[in-house]
Amino acid sequence: AGMANIGIIERENLVERSAEMGENMLEKMQSLYSHPIVGDIRGKGLLGVVDIAKDRETRSRFDPKDNFGGRMHNYLMDEGVILRVWDVIMVAPPFTVSHEEIDKIIDAIDKALPRFENEMGIA
């Protein structure tokens with residue numbers, strides 16, 4: 001079974017494809033800097049992170065009582081996307097992700113962030 005999986009990965013060029021899609025995803029994630037609570041965006045391959053900060057300059061975090069992770073998780077679910085969220089938003093789609101699916105993920109984050117910002121009184 002393991003060798004069969006390796007064969008599929010090699011035959012379908014999934015490693016190269018994930019590197020290409022990861023570059024595309026990271027490029028599209030840059031638009032999220034338009035939100036004042038986005039402190040940093042970084043990634044490698046198909047693993048991307050949106051670092052959330054109360055203050056972008058000092059990179060200070062929100063208070064745990066603000067429940068950023070729980071609230072953002074719910075907002076993203078409202079948009080039809082499930083991601084890991086703490087004081088960062090972790091984006092880790094499968095090797096088979098499409099351009100359209102990456103667009104949907106980024107769009108969901110872009111729609112969810114203002115909900116938290118508005119509730120926290122951040123313009």
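1. A first point concerns helix α4 and a charged pair on it: Asp 107 forms a salt bridge with Lys 111, and the closest N and O atoms of the two are 3.1 Å apart. Because Asp 107 and Lys 111 are four residues apart in helix α4, about one helical turn separates them. Asp 107 counts as partly exposed, at 36% relative accessibility, and Lys 111 is also partly exposed, with a relative accessible area of 43%. The model discussed in this note is a predicted one, and the distances and accessibilities quoted should be read with that in mind.

2. Helix α4 itself covers residues 99–119, which makes 21 residues, and its reach from the first C-alpha to the last is 31 Å, close to the 30 Å expected at 1.5 Å a residue. Its buried residues are Ile 102, Ile 105, Ile 106, Ala 108, Ile 109, Ala 112, Leu 113, Phe 116 and Glu 117. Seen down the axis of α4, these buried residues fall within an arc of 160°, so they line one face of the helix. On the other side of α4, Glu 100 and Asn 118 are exposed. The helix is followed by Gly 121, a residue with a positive phi, near 75°.

3. What, then, covers the buried residues of α4? The cover includes α2, β1, β2, α3 (68–78) and β4, and the elements of the sheet are taken up in the next point.

4. The sheet is an open one, formed by four strands in the order β1-β2-β4-β3, with antiparallel pairing. Its edge strands are β1 (38–44) and β3, each of which pairs on one side only. Strand β2 (residues 47–52) pairs with β4 in the antiparallel sense over four bridges, and within this pairing Gly 48 has Val 91 of β4 as its bridge partner. Strand β3 (residues 84–85) also pairs with β4 in the antiparallel sense, over two bridges, and here Arg 84 stands opposite Met 90 in β4. Between β3 and β4, which form a hairpin, there are two residues.

5. Strand β4 (residues 88–91) merits a closer reading, since side chains in a regular strand alternate between the two faces of the sheet. From β4, Val 88 and Met 90 point one way, whereas Ile 89 and Val 91 point the other way, and all of these residues are buried.

6. Helix α2 (residues 14–29) lies across β1, β2 and β4, and it runs at about 20° to β2. Within helix α2 is Asn 24; is this residue buried or exposed? Asn 24 counts as buried because its relative accessibility is 17%, which is under the 20% limit for that class. Leaving aside its neighbours within four places in sequence, Asn 24 is in contact with His 99 and Ile 102. Of these partners, Ile 102 is also listed among the buried residues of α4.

7. A second charged pair involves helix α4 as well: Asp 78 forms a salt bridge with Arg 115, and the closest N and O atoms are 2.8 Å apart. This pair links distant parts of the chain, with Asp 78 in helix α3 and Arg 115 in helix α4, 37 residues apart. Asp 78 counts as exposed, at 54% relative accessibility, whereas Arg 115 counts as partly exposed, at 32% relative accessibility.

8. A search of the whole structure finds seven salt bridges, and another of them is formed by Arg 61 with Asp 87, where the closest N and O atoms are 3.2 Å apart. Here too distant parts of the chain are linked, since Arg 61 is in the loop between β2 and α3 and Asp 87 is in the loop between β3 and β4, 26 residues apart. Arg 61 counts as partly exposed at 37% relative accessibility, and Asp 87 is partly exposed with a relative accessible area of 35%. Which residues make up the network of salt bridges that includes Arg 61? The linked residues are Asp 51, Arg 61 and Asp 87.

Terms used:
Residues are numbered from 1 along each chain as its sequence is written. This is a predicted model: local features need pLDDT of at least 70, side-chain atom pairs count only at pLDDT 80 or more; totals for chains, interfaces and linings use all residues. Side-chain values use heavy atoms; hydrogens and water are left out. Buried means under 20% relative accessible area, exposed over 50%, partly exposed in between (1.4 Å probe, protein chains only). Two strands pair if DSSP finds at least two bridges between them. Contact means heavy atoms within 4.5 Å. Axes are lines fitted to C-alpha atoms, for helices over the stretch in contact, and angles run from 0 to 180 degrees between N-to-C directions. The expected span of a helix is 1.5 Å times one less than its number of residues. The arc is that of the directions from the helix axis to the C-beta atoms. A salt bridge is a side-chain nitrogen of Lys or Arg within 4 Å of a carboxyl oxygen of Asp or Glu.
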